[in-house]
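Work through the exercises below with the model at hand. Try each task before reading its solution.

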Amino acid sequence: MSMNVATLGTDRARRLRAALTALLAVAAVVGAPFYFAPFQVFQLTMVLLYAVALAGLNLLVGFGGQISLGHGAFFAAGAYTAAVMLDRYDTGHLATLPVAAAGCFLLGLGFGVPALRLRGLYLALVTLSFAVFLPPLLKRLEPVTGGSMGLTVDKLQPPAWSGLAEDQWMYFVVLAVATVALLLARNLLRSRVGRALLAVRDNESAAEVMGVRLSLHKTLAFAWSAMFAGVAGCVYTWVIGFVSPDSFSFVLSITLLAGLVVGGLASLYGPLLGAAFVMYVPSVAQDISEAAPGVVFGLLIIAVMFVAPTGLAGLAGRVRGVITPLLTRTKPSAAVRTPESEPPSAPPAPAETAPADAEPVGAPPRTEKE
Amino acid sequence: MSAVTEVLQQVVEGVGSGAVYASLALALVLIHRFTGIVNFAQGELAMISTYVAWQLVASGMPFWLALPVTLAVSFAGGMLIERLVIRPVQAAPELTTVIVTVGLFIFVNAMAGLIWSFTVKDFPQQFPDGGIDLAGVRVDWSTLGIIAVVAVVMGLLYLLFQHTSIGLMMRAVACNPASARLSGIRVGRVLMLGWGLAATVGAVSGVLVAPVLFLEPNMMGGVLIYAFAAATLGGFDSPVGAVVGGLLVGVAETLAGAYVDVIGADLKVGVPLVIILAVLLVRPQGLFGRAAVERA
C-alpha cells in the first residue's frame, strides 16, 4: 500500500522492498499486543503456540513423509510435564521448558524405534492408538496428574520491570519461544539432517544407497517433532494455567494434522497459517453449530489434498505469482503473512486467510503443484 | 462359581465384543486388500450407517425391514465415496490417502453431529433378553446373536469371493490390478464394489454394537482402535485373520480388564496399543498375513 517503487525489477528496489516488508512485519508483530484487546492478544498467543507444535509436525509429516495421528499426545506430555513440575515441585516456569523438551524428545525416540520398522501406515495406527490411550492413562495417574479434575497452576506472570499486562507478557514470551522454534525448524531443514530427511521422503531406497541411514533419520525426525509438540504443550500450560485429560483427546491430534495440511505441508510458514486456522476456524464456526468446525475441517482437508497439496501457504505463493505482476505493488507483504502481521493500521488486511482462499478462483496456474 | 467358569464367562463376553471388532476389521481388510488403503473413516461410516438405521426405526419402520435398507444405503454410500473421494487420490502417495481418509473421518463425524446432534441416542436391542446356561457359563442371546450375525456375514463373503464370478473378478483385482484390467475387468467398478461391501460389513458392526455403546457420533472411535489391532494381529490382507484377530483382541481386552488390576476397566483401551506394537515388532505381517517382499 505504501511505497510505489516504479523500478520494480531492479535488485536494489527488491531488496529495499523486502527489508521494508520485514520491518513492517516486525513492527506489526511487536505492536500487536499493544493494539489489540487482551482476548485477541490471547488468541494470537495461542496461534503462536500451535505454530510451534505444527512446525514440529511439519518436520515429520511434511518433510519426513511419515504420518503421526498422535501428536496431541506429545503436546499433552509437554503440558503435563510443566503442570506437574509447577504443581508439585514449584519450579519456575522457565525450568519446565527444557525438561518438557527433553522428555518429549526421549518419548519420541521411544516411539521412533518401532516407527522405523513400520511403514507410514502403521505409524499412523500406533500414534493414533497412543493418542486414544493417553487421556484414560492421565486420569488413572491421579496422584500425580490430578485425575480427571486436572491441575491448576500459576500462569506466567509479568515481572514488575516490564510494565506489561499479563496477556502482553505471555504474548512476548510465546513469541520468543515460537521464533526460536521456527528458526530451529528452518535451520534443521537446511542442515545435513534436513537434507537427509527430504531424501528419505522422496525415495527411501535412493537415499539409502546414497549413504543416508534410514533408521537413524526416521527416528530422529520423530523425536524432533515430538520435542516441538512437547514445547508447545509446555507453553500451553504457562498460558492457560490449567491442564486436564479432556483437553488432550485424540481430537487434538487430528486437529493438529488437519491444521498442518490446510496450512501447507512441507512449507516453512505453513505451520503459522495452519495455526491461525486451528485457532480461529473453530471459534468462528462454533457460533454456527457445535459440529460446524468439523465439517469445515473435514471438507477443507479433502479439498486441499485434491486441488492444492501445498495448502494455504502454497496458494499464497501462487496467488502472489498471479497478483504481483498485475498490481506491481507491495503485495508480497501479504504473502509473508505471519498471521499476526495485520499492522495496527494497515488497510489491506481483510482476514489473513481470505485472500488466499478467494483468489484462486480466478487463478488458473495449477502447474507448480509440488 | 468356580474360577474356571468365571474365566470362561469372561471369554464368552470377550468373544461377543470381539465379534463386533472382527466385523469392522473385516471391513478394513476388504478395503486394504483392494486398494492398499487403510480407511481411517471406516468406523465413522459404520456410525453414520447406524444413524440411518436409527432414523428409519424412529420413523416407524420395523427393524428387520430397516436393516436391509440401511445396508443397501451403506453399500451405495461406500461405492460413492470410492468414486468421488478416493479414486482421485488412488495413485497418490500413502501420506495423501491417509490424510484424505482422516479428512473423511472428521467430516463424517461432524456431519452426524450436525444432523443428529451429539446427544446420546438409545438404539433398540433386537435380540431378546436373557440367555442360556452352558455348564454354569451364562451366554446372553445378544452375544449369541452378534456371533451368529458375524458368522453369517463371513459365510456370505466367503461364498461371494470363492463361488461367484464377481468374486473371482474381485480377487483378480486384489491380486493384480494391472493384469486384471488387461483381461477385461473394469477395475474401477470392482474397487467401488469393494468399498461398498466394506461399508456394508462396517454397517453391520455399527448396528450390532449400538445397543451396547449407545448411539452418538463418537461411538465407533474406540471400536476402530480395536479393529485396527484386530486387523494388525490377523494381517491386513487376510479376511480370516481379521476375524480371528477380532475375537482374540476381544478376549484379550476382556480378560485384561477383569484380571489385570493395573489395567482395569478404564485402561482397557491400552490393550490394542500393546497388541499393535507387539505384532509389529515381532511379526509385522500378522498371524495370517503374507510378508510383503518388495523389490525397491
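The exercises cover a helix, a residue, a hairpin, the chain contact, the domains and a record.

This is a predicted model, in which local features need pLDDT of at least 70, side-chain atom pairs count only at pLDDT 80 or more, and totals for chains, interfaces and linings use all residues. Residues are numbered from 1 along each chain as its sequence is written, while chains are lettered from A and ligands numbered from 1 in the order in which they are written.

**Exercise 1.** Compare the expected span of helix 2 (residues 42-58) of chain B with the distance between its end C-alpha atoms.

Solution. Helices (H or I, at least four residues) and strands (E, at least two) are DSSP runs, numbered from the N terminus. The expected span is 1.5 Å times one less than the number of residues, so the 17 residues of helix 2 of chain B should span 24 Å. The end C-alpha atoms are 24 Å apart, which agrees. As for cover, 13 of the 17 residues of this helix are buried (20 or more other C-beta atoms within 10 Å of the residue's own, placed from the backbone; exposed is 12 or fewer, partly exposed in between). After the helix comes Gly60(B), with a positive phi near 105°.

**Exercise 2.** Is Met79(B) buried, partly exposed or exposed?

Solution. Locate the residue: Met79(B) lies in helix 3 (residues 63-86) of chain B. Then count: 19 other C-beta atoms lie within 10 Å, so Met79(B) is partly exposed. Next, list its contacts (C-beta atoms, placed from the backbone, within 7 Å). Neighbours within four places in sequence aside, Met79(B) touches Met192(B), Leu193(B), Trp195(B) and Gly196(B). Trp141(B), 62 residues from Met79(B) in sequence, is 34 Å from it in space, C-alpha to C-alpha.

**Exercise 3.** Describe the pairing of strand 1 (residues 131-134) and strand 2 (residues 137-140) of chain B.

Solution. Strands pair if DSSP finds at least two bridges between them; here 4 bridges join the two, and they run antiparallel. One of the pairs is Leu134(B) with Val137(B). The hairpin has 2 residues between its strands, and Ala135(B) takes a positive phi near 50°.

**Exercise 4.** Which element of chain B gives the largest share of the side that touches chain A?

Solution. The contact takes 36 residues from chain B and 37 residues from chain A. Helix 4 (94-116), helix 9 (219-234) and helix 11 (270-282) of chain B each supply at least two residues to the chain B side. Helix 4 of chain B has the largest share, 16 residues.

**Exercise 5.** How many residues does each domain of chain A give to the contact between them?

Solution. An automatic or database assignment sets the bounds: domain 1 (1-35 + 308-370) and domain 2 (37-271) of chain A. Domain 1 gives 11 residues and domain 2 gives 15 residues. On the domain 1 side, helix 14 (311-327) of chain A gives the most, with 4 residues.

**Exercise 6.** What is the helix content of residues 92-113 of chain A?

Solution. The unreviewed UniProt entry annotates several stretches of chain A as "transmembrane region", including 92-113 and 249-282; positions follow the numbering used here, feature names are shortened, and annotations may be inferred rather than shown by experiment. Residues 92-113 are 95% helix and 0% strand, with end C-alpha atoms 33 Å apart. For residues 249-282 of chain A, the values are 79% helix, 0% strand and 16 Å.

Note on methods
Two residues are in contact if their C-beta atoms, placed from the backbone, lie within 7 Å.
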